[in-house]
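Let's take a friendly tour of the charged pairs in this protein. Have the sequence and the model at hand as you read.

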Amino acid sequence: QVQLVESGGGWVQPGGSLRLSCVASGFSFSDYYMAWVRQAPGQGSEWLATITTLGANTRYADSVKGRFTISRDNAKNSLYLEMNNLKPEDTALYYCARVPGVAPSEWDHRGRGTQVTVSE
């Protein structure tokens, strides 16, 4: 079955950086667009970024554009999110997600998430 396992979260001060990773299994990773989404306490899911199958194209939510970079390594079935200039409002549970079609912000599976906390 589809499995997505995120890692790399943690605590960081405002202005800091983190790199999240996600390892996928149970499906042909290179055939799918992939995305990162997050959910803050008490809020709904927020789509952050999507990358196409070969990584040639990416799209970002306005809230993270210019600060976050999505990338992938199909040889390692892995998805990444480089996060820079982190802000307290970036505190959330971060998930990688599989995008089944071409709509960049619609996903059908996501992992259990990795927590990112940004505070002094």
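Is R98 buried or exposed? With a relative accessible area of 9%, R98 is buried. Keep in mind that the model you are viewing is a predicted one.

## The partner of R98

R98 forms a salt bridge with D108, and their closest N and O atoms lie 2.7 Å apart. This pair links distant parts of the chain: R98 sits in strand β9, while D108 is found in the loop between β9 and β10 (109-110), 10 residues apart. Unlike the buried R98, D108 is partly exposed, its relative accessible area being 34%.

## A buried pair and its network

Next, have a look at R67 and D90, which form a salt bridge whose closest N and O atoms are 2.7 Å apart. R67 lies in the loop between β6 (58-60) and β7 (68-73), and D90 in the loop between β8 and β9 (92-99), so this salt bridge ties together parts that are 23 residues apart in sequence. Both R67 and D90 are buried.

These two residues also belong to a wider arrangement: R38, E46, R67 and D90 are linked in a network of salt bridges.

## From strand to strand

R19 and E82 form another salt bridge, with 3.7 Å between the closest N and O atoms. Here, too, distant parts of the chain are linked, as R19 is in strand β3 (residues 18-25) and E82 in strand β8 (residues 78-83), 63 residues apart. R19 is partly exposed at 45% relative accessible area, and E82 is also partly exposed, at 29% relative accessibility.

## The overall count

Searching the whole structure gives 6 salt bridges, among them R19 with E82.

How values were computed. Residues numbered from 1 in each chain as written. Predicted model: local features only at pLDDT ≥ 70, side-chain atom pairs only at ≥ 80, totals over all residues. Heavy atoms only, no water. Salt bridge = Lys/Arg side-chain N within 4 Å of Asp/Glu carboxyl O. Helix = DSSP H or I, 4+ residues; strand = E, 2+ residues; numbered from the N terminus. Buried < 20%, exposed > 50% of the residue type's maximum accessible area, 1.4 Å probe, protein only.
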